[in-house]
Amino acid sequence: MRRNGGSAGIDGITIEDVESGGVEEFLGRIVRDLKAGEYRPKPVLRVYIPKPDGKRRPLGIPTVRDRVVQQACRIVIEPIFEANFRDNSYGFRPRRSAAQAVKVVKEALVKGWWVVDADIESYFDRIDHDLLMSLLKRRISDRRVLKLIGQWLRAGVMEEGDWSSTEVGSPQGGVISPLLANIYLHVLDMYWAEQDVFLGKLVRYADDSVVICKTRRHAERTLAKIKWIMTRIRLSLHPIKTRIVDMGREGFDFLGFHFHKMKSKKTRKLAPYIWPGQKAMRSVREKIHAITTRKRLNNPPEEVVKYLNLVIRGWRNYFRIGNSTKKFQDLDRYVRMRLRQLARTRKGAKGTWSERAFDAWVKHSGLVYFYQTGVCRA
């Protein structure tokens with residue numbers, strides 16, 4: 001419930017406001033409204049977050065009240081659908097992660113030489129409400145639950161004071177949105193498992209999917225079949241971002257990693273390697289730059305190191321499963337360069353600079369490193 005930092009929806013009420021006003025009373029009102037059939041969700045608040053490619057991703061932030069009800073609903077219905085979800089789906093599921101999906105893709109690439117990199121165009125904006133509700137009705141018979149989900153889908157979006165309807169799509173940001181997205185794309189997983197598994201290994205993380213095939217012919221058939229399945233669920237693949245990748249000549253990005261085949265030092269044969277992709281590298285550099293910018297001159301050095309460590313630990317823990325040594329070392333040099341520039345600026349033009357003193361400060365600052373000997377792979 002503290003997703004989005006406990007931020008407020010259109011009513012301006014935060015989690016802290018709820019706690020200060022009394023949680024039991026807040027929950028009691030929700031229960032009374034639900035039992036009386038008087039609960040009505042409010043429109044989600046449209047906000048935007050930056051994407052690694054420089055574009056902005058739209059999010060829809062529900063009110064705290066609506067997030068509580070969504071969470072309660074998700075707890076009840078998620079096990080019902082989890083029992084039927086396929087093993088090839090890894091996104092936003094209990095005890096499943098992006099790291100697991102990355103490892104499965106890398107293992108499949110040992111024998112797979114052709115990859116279908118399938119990008120669904122504007123997925124969350126194009127989910128068909130009628131089709132989604134029909135999929136929900138297959139496993140949910142309680143009309144009250146179905147009514148709640150329908151209300152959330154149709155609640156609308158508020159942006160800069162203007163309300164707009166949501167006749168299609170499921171805004172990202174809601175507690176229940178990832179589950180609904182998985183229910184919708186479970187159709188793809190089922191088609192693949194029942195009819196097309198012989199063509200290749202399908203790995204899906206939410207709306208990001210790749211299929212690893214052994215031959216170009218299988219890859220071409222895979223692409224055609226996925227396009228057909230997309231039409232069945234009223235979606236389409238992005239005409240430019242979707243492609244067939246020849247792993248003997250090029251690579252592809254998936255879940256932040258770049259996958260490429262290179263000669264193994266042991267066998268001298270082409271083997272799959274993975275490392276942080278260009279978008280991921282650019283994104284983390286921007287975060288480091290923001291923490292060490294001139295605007296931070298008034299911040300104590302200890303505070304700068306504290307925020308750097310948060311970024312470094314999180315990023316390192318995710319990408320440590322790859323062949324990331326060189327990328328980690330590059331980032332360590334970048335962090336050091338940024339800290340040096342910040343320290344020189346603090347000294348000013350007339351200050352005396354000592355590289356030895358700077359080295360000593362870094363050593364005892366508590367700064368952690370991206371690269372750790374014995375942990376990261378070459």
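Mentor: Let's start with a definition: a charge sits over a ring if NZ of Lys or CZ of Arg is within 6 Å of the ring centre and within 35 degrees of the ring normal. Keep in mind that we are looking at a predicted model.

Trainee: Okay, so which residue does Lys-306 lie over, and at what distance from the ring centre?

Mentor: Lys-306 lies over the face of Tyr-307, and the distance to the ring centre is 5.7 Å. There's another case to look at: Lys-261 has its charged end over the ring of Trp-113, 3.4 Å from the centre.

Trainee: Now rings with rings. How is a pair of aromatic rings described?

Mentor: You give two things, the distance of the centres and the angle of the planes. This structure holds 14 aromatic pairs. Take Tyr-318 and Phe-319, which form an edge-to-face pair: their centres are 4.8 Å apart, with 90° between the planes.

Trainee: Is Phe-319 buried or exposed?

Mentor: Phe-319 is buried, because its relative accessible area is 4% and the cut-off for buried is under 20%. Tyr-318 is partly exposed, at 26%.

Trainee: Which residues form one aromatic cluster with those two?

Mentor: Phe-257, Trp-315, Phe-328 and Phe-370 join Tyr-318 and Phe-319 in one cluster.

Trainee: Let's move to the sheet. How do strands of a sheet pair?

Mentor: They pair through backbone hydrogen bonds, either parallel or antiparallel. Here, four strands make an open sheet, ordered β2-β1-β4-β5, and the pairing is mixed. At the edges you'll find β2 (56–61) and β5 (162–164), each of which pairs on one side only. On average, neighbouring strands of this sheet are turned by 40° against each other, ignoring direction.

Trainee: How many bridges join β1 to β4?

Mentor: Two bridges do that job, linking β1 (residues 44–50) with β4 (residues 157–159), and these strands run parallel. For a concrete example, find Leu-45: its bridge partner in β4 is Met-158.

Trainee: One last thing, backbone angles. What sign of phi do most residues other than glycine have?

Mentor: Most of them have a negative phi. Now look at Arg-95: it isn't a glycine, yet its phi is positive, about 60°. You'll find Arg-95 in the loop between α3 (64–82) and α4 (98–108). With a relative accessibility of 76%, Arg-95 counts as exposed.

Trainee: And where does Arg-234 lie?

Mentor: Arg-234 is in the loop between α9 (216–232) and β8 (243–246). Arg-234 also has a positive phi of about 60° without being a glycine. Its relative accessible area is 48%, so Arg-234 is partly exposed.

Technical notes
Residues are numbered from 1 along each chain as its sequence is written. This is a predicted model: local features need pLDDT of at least 70, side-chain atom pairs count only at pLDDT 80 or more; totals for chains, interfaces and linings use all residues. Side-chain values use heavy atoms; hydrogens and water are left out. Two strands pair if DSSP finds at least two bridges between them. Axes are lines fitted to C-alpha atoms, for helices over the stretch in contact, and angles run from 0 to 180 degrees between N-to-C directions. Buried means under 20% relative accessible area, exposed over 50%, partly exposed in between (1.4 Å probe, protein chains only). Rings of Phe, Tyr and Trp (its six-membered ring) pair if their centres lie within 6.5 Å; planes under 30 degrees apart count as stacked, over 60 as edge-to-face and the rest as tilted.
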